[in-house]
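Please open the structure in your viewer and keep the selection tool at hand. The tour below proceeds stop by stop.

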Amino acid sequence: MEEQWKLVCLLGILVLGFAQQWKEVESNAQGSVSCGFPAMYNFGDSNSDTGGISATLNEILPPNGETFFGHPAGRASDGRLIVDFIGKCTFYLSLFCLICSFDLHYLHGANFATGGSSVRPPGFSPFNLGIQISQFIQFKARTTTLYNQLSLNRRIPLSISNIPKPAEFSQALYTFDIGQNDLGHGFQSMSEKQVLDSIPHIIGELAKAIHQLYKEGGRFFWIHNTGPLGCLPYNVIYGKKAGNLDKNGCVKSQNEAAMEFNRQLKDKISWLRTQLPFAKFTYVDVYSAKYALISNAKNLGFVDAFNFCCGSFYGYHINCGKRAIVNGTVYGNPCEHPSKHVSWDGIHYSQAANMWVSDRILNGSFSDPPVSIQDACHNLIRM
Ligand SMILES: *[C@@H]1O[C@H](CO)[C@@H](O)[C@H](O)[C@H]1NC(C)=O
Ligand SMILES: *[C@@H]1O[C@H](CO)[C@@H](O)[C@H](O)[C@H]1NC(C)=O
C-alpha cells in the first residue's frame, strides 16, 4: 500500500511538474521549419531522459553534465543527448523548472522519458511506456482544460500563458526511443530464447501506445529502433563468454536480439501505416548509426569503443558519480577527455557520440522513408 502511495505521489509530481520541463526546444529558423512542428513529445528511457528519473528516483550526480552544462542536468551523460540535438536545444534547466514551476513553459512539448524505462513491466523503472502515455494523456487533458478556462478569462492574455494550444497536439512530433531495457532486463532474468520469444509482445505494446497517441490526435511519429545492446561496455564485461563476441567485440546474442526487435518494429510500423492512414511514421535505424560509430571508433578519432570515461567495472565496480579508494587505488574518477570516448559510463553514450549519431540520423540518412526530422510530417508511404 505504501509503495502504491509513493507511486501515486511520484506520478503527481511527474504530471504536474517535470513533464513540463521540456523547455526551450527551439523550433526556430534552423529547427523544424519545414514541417513547423510546434511541439515535440518524447517517450523513452535513459537514452532520452532529460531529468525524469533524477527528479524522482535516482539523482544523477556529478560528473554527469560536466562537458556541456557544467553541472548535473538530469542526463546520464557528460552533456547533451540525441533528443537535445533533435530539439536544437542549446540550454535548459530541467530540475530547476520543477522547482520554479511558475515559470513553466509548455509551448514546446514535454519529455516523458525516464532512465530505466521499458515498454512493458517488469523493468528497471516503474515508469514503463504505458505510464508515460497516461502521463501524456493527463498532460493533454489538463492543459486543454486550462487553455479553455483562460480563453474565457480575458484578464490573462493567452499569449503569455505558455499553455499549448489544444490544436497543436495533432501538429506535434511524437518521438520514441524505448525497448533497450526490455531486452536488457530480459537478458538478466531469462534465457536467450525467452528474450526472443518476448519480442512480439513488447512490439505489440509499443504499437498499442502509438494507437493511443493517434486516438489523442497524434499524427507525426519519429521512432528510433534500439541500439546495439551487446556493444555497451557493461554488457561486454559482464556478458562475455567464450565465443560469444562478434568481430568488433560486442556480445553477439544481445545484438541479435536487438536486431530481431528492430526487424519486428519495422514490420509493425509498416502495418501501422495501413491501420492509421492519417499518420506519418519515420523509422530510424539508430542501431546502424551507433554500430558504425562503435566499429570504426578509432578511425573517427575516438579511443577504443569499450573504454568508457566515468565509473569502473574492472577490478572494482563503481558507478559513475561515486568514488572509492580501495587498497590505495582511487576508483570512479572520470577520464580527462570525455569527448574521446564513445561510452560515457559503460552504459550511456558520451555527448560526442550522441552528437555524431545525431548528425547522421537527423538528416534522414538512417530513416525509412529517408526524410530528415524537419520533413517527418510529409514523408511518403513506402509499400
Ligand atoms: C584489496 O586487497 C585485498 C587484500 O589483499 C584483496 O583481497 C582485494 O581483492 C583487493 N581489492 C581490489 C579491488 O583490488
Ligand atoms: C547526413 O549527414 C552525414 C554527416 O554529415 C552525411 O555523411 C550524410 O551524407 C548526410 N545524409 C544526407 C541524406 O544528407
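How many nonpolar, polar and charged residues does the shell around ligand 2 have? The model before you is predicted, and in it this shell has two polar residues, two charged residues and no nonpolar ones.

**First stop: ligand 2.** Select ligand 2 together with Asp 359, Arg 360, Asn 363 and Ser 365, the residues around it. Next, display the side chain of Asn 363: an N or O atom there is 2.2 Å from an oxygen atom of ligand 2. Then turn to the backbone of Asp 359, where an N or O atom lies 3.4 Å from an oxygen atom of ligand 2. Finally, show the surface of the ligand. Ligand 2 exposes 360 Å² when taken alone, and the protein buries 39% of this area.

**Second stop: the largest pocket.** Move now to the largest pocket, which holds about 1100 Å³ of space. Its lining consists of 40 residues; select Tyr 234, Asn 319, Asp 345, Ile 347 and His 348, which are the closest to the pocket's centre.

**Third stop: the helices of the lining.** Colour helix H6 (180-189), helix H8 (233-239) and helix H9 (252-275), the elements that each give two or more residues to the lining of the largest pocket. Which element provides the largest share of this lining? That element is H6, with six residues.

**Last stop: the lining by class.** Colour the lining of the largest pocket by residue class: 20 of its residues are polar, 14 are nonpolar and six are charged.

Technical notes:
Residues are numbered from 1 along each chain as its sequence is written. Chains are lettered from A and ligands numbered from 1 in the order in which they are written. This is a predicted model: local features need pLDDT of at least 70, side-chain atom pairs count only at pLDDT 80 or more; totals for chains, interfaces and linings use all residues. Side-chain values use heavy atoms; hydrogens and water are left out. On a 1 Å grid over the protein atoms alone, a cavity is a set of points where a 1.4 Å probe fits but cannot get out, and a pocket is an open set with protein on both sides within 12 Å along at least five of seven lines; lining residues have an atom within 4 Å of a point. Grid points are joined across faces, edges and corners, and a volume is the space filled by probe spheres set on the points. Helices (H or I, at least four residues) and strands (E, at least two) are DSSP runs, numbered from the N terminus. Ala, Val, Leu, Ile, Met, Phe, Trp, Tyr, Cys and Pro count as nonpolar, Asp, Glu, Lys and Arg as charged, and the others, Gly among them, as polar. A residue is near a molecule or strand if one of its heavy atoms lies within 4 Å of it. A polar contact is a pair of N or O atoms within 3.5 Å; within protein, one must be able to donate a hydrogen and the other to accept it, and residues adjacent in sequence count only if both atoms are side-chain atoms. Accessible areas come from the Shrake-Rupley method with a 1.4 Å probe; for residues, only the protein chains shown count as cover.
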